[in-house]
Amino acid sequence: MRILIVEDEKMSQKKMQLIMENFGECDMVADGASAIDLFNKAWQARAPYDIITLDITLHEMSGVDVLVQIKDIEDTMNILPAKRAKIIMVTSHKDKDNITTCVTAGCSGYIIKPFTKEPIAACLRKVFLNYVQENFPKTY
């Protein structure tokens, strides 16, 4: 599994990397423009990201803006829903408005900081369970 971590805070970067390395190959960037650039390059190389963890509060461009741009790119490229990146917002914003905004924009999960391995693993299980249910319906 290919994972992109988008986080500008050094401690959160290291912590997320330590956790996510257990699930796959990780790349990391600290800003939204770099995230979008790496996302595009990964598709050009035919090695897209399966998971993107995305902080909402980034310098120069918010994580919500990055989320919207990535979803727009996927739409423009006509990427099938099953092949699209699963984007998990990781943030200290736990208010209903932020959660609603991110879910409406297309995130697959939402994790509140400070985080530990358990909520991340639970979120990944939920994201992939939803993926399986949506893409492999029961036929019996």
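This report describes a predicted model of one protein chain, from its overall build to some single residues.

## Overall build

The secondary structure of the protein chain consists of 5 helices and 5 strands. Along the sequence these elements follow the pattern β-α-β-α-β-α-β-α-β-α. The radius of gyration is 14 Å, close to the 14 Å that the globule rule gives for 140 residues, so the chain is as compact as a globular protein of that length. The C-alpha trace spans about 45 × 30 × 30 Å along its principal axes.

Of the 140 residues in the protein chain, 41% are buried. Among contacts with a separation of 6 or more, 60% are between residues 24 or more positions apart. The chain exposes about 8100 Å², and carbon and sulfur atoms supply 55% of that area.

## Strand β1 and its partners

Strand β1 covers residues 2–6, and 5 of its 5 residues are buried, so the strand is largely enclosed by the rest of the structure. Both of its faces are covered. On one side the buried residues are Arg2, Leu4 and Val6, and on the other they are Ile3 and Ile5.

Two strands are joined to β1. One is β2 (residues 25–29), which runs parallel to β1 and is joined to it by 5 bridges. Within this pairing, Ile3 stands opposite Cys26 of β2. Between these two strands the chain passes through helix α1 (residues 10–20), in a β-α-β crossover that is right-handed. The other partner is β3 (residues 51–54), also parallel to β1, with 4 bridges between them. Here Val6 stands opposite Leu54 of β3.

## Arg2 in β1

Arg2 lies in strand β1. Its relative accessible area is 18%, and because the cut-off for buried is under 20%, Arg2 counts as buried. Leaving out residues up to four places away in sequence, Arg2 touches Glu25, Asp27, Ala42, Ala47, Pro48, Tyr49, Asp50 and Ile51.

## The two sides of helix α1

The buried residues of α1 are Ser12, Gln13, Met16, Ile19 and Met20. Seen down the helix axis, the buried residues of α1 fall within an arc of 135°, so they line one face of the helix. An α-helix has 3.6 residues a turn, so residues three or four places apart point the same way.

The buried residues of α1 are covered by elements that include β1, β2, β3, β4 (86–91) and α5 (117–135). The face of α1 turned away from this buried side carries the exposed residues Lys10, Met11, Lys14 and Leu18.

## Cys102 in helix α4

Cys102 is found in helix α4, which covers residues 96–105. With a relative accessible area of 0%, Cys102 is buried.

Apart from residues up to four places away in sequence, Cys102 touches Ile56, Val64, Leu67, Met89, Cys107 and Tyr110. One of these, Ile56, is 46 residues from Cys102 in sequence, while the two are 9.0 Å apart in space, C-alpha to C-alpha.

## Backbone details in the loops

A cis peptide bond joins Lys113 and Pro114, with omega at about -5°. Pro114 is placed in the loop between β5 (109–112) and α5.

Two residues have a positive phi although neither is a glycine. For Arg46 the phi is about 60°. Arg46 sits in the loop between α2 (32–44) and β3, and at 77% relative accessibility it counts as exposed. For Glu60 the phi is about 75°. Glu60 is found in the loop between β3 and α3 (63–76), and at 90% relative accessibility it counts as exposed.

Terms used:
Residues are numbered from 1 along each chain as its sequence is written. This is a predicted model: local features need pLDDT of at least 70, side-chain atom pairs count only at pLDDT 80 or more; totals for chains, interfaces and linings use all residues. Side-chain values use heavy atoms; hydrogens and water are left out. Buried means under 20% relative accessible area, exposed over 50%, partly exposed in between (1.4 Å probe, protein chains only). Two strands pair if DSSP finds at least two bridges between them. A crossover is right-handed if, with the strands pointing away from the viewer, the path from the first strand over the helix to the second runs clockwise. The arc is that of the directions from the helix axis to the C-beta atoms. Contact means heavy atoms within 4.5 Å. The radius of gyration is taken over C-alpha atoms; the globule rule is 2.2 Å times the number of residues to the power 0.38. Accessible areas come from the Shrake-Rupley method with a 1.4 Å probe; for residues, only the protein chains shown count as cover.
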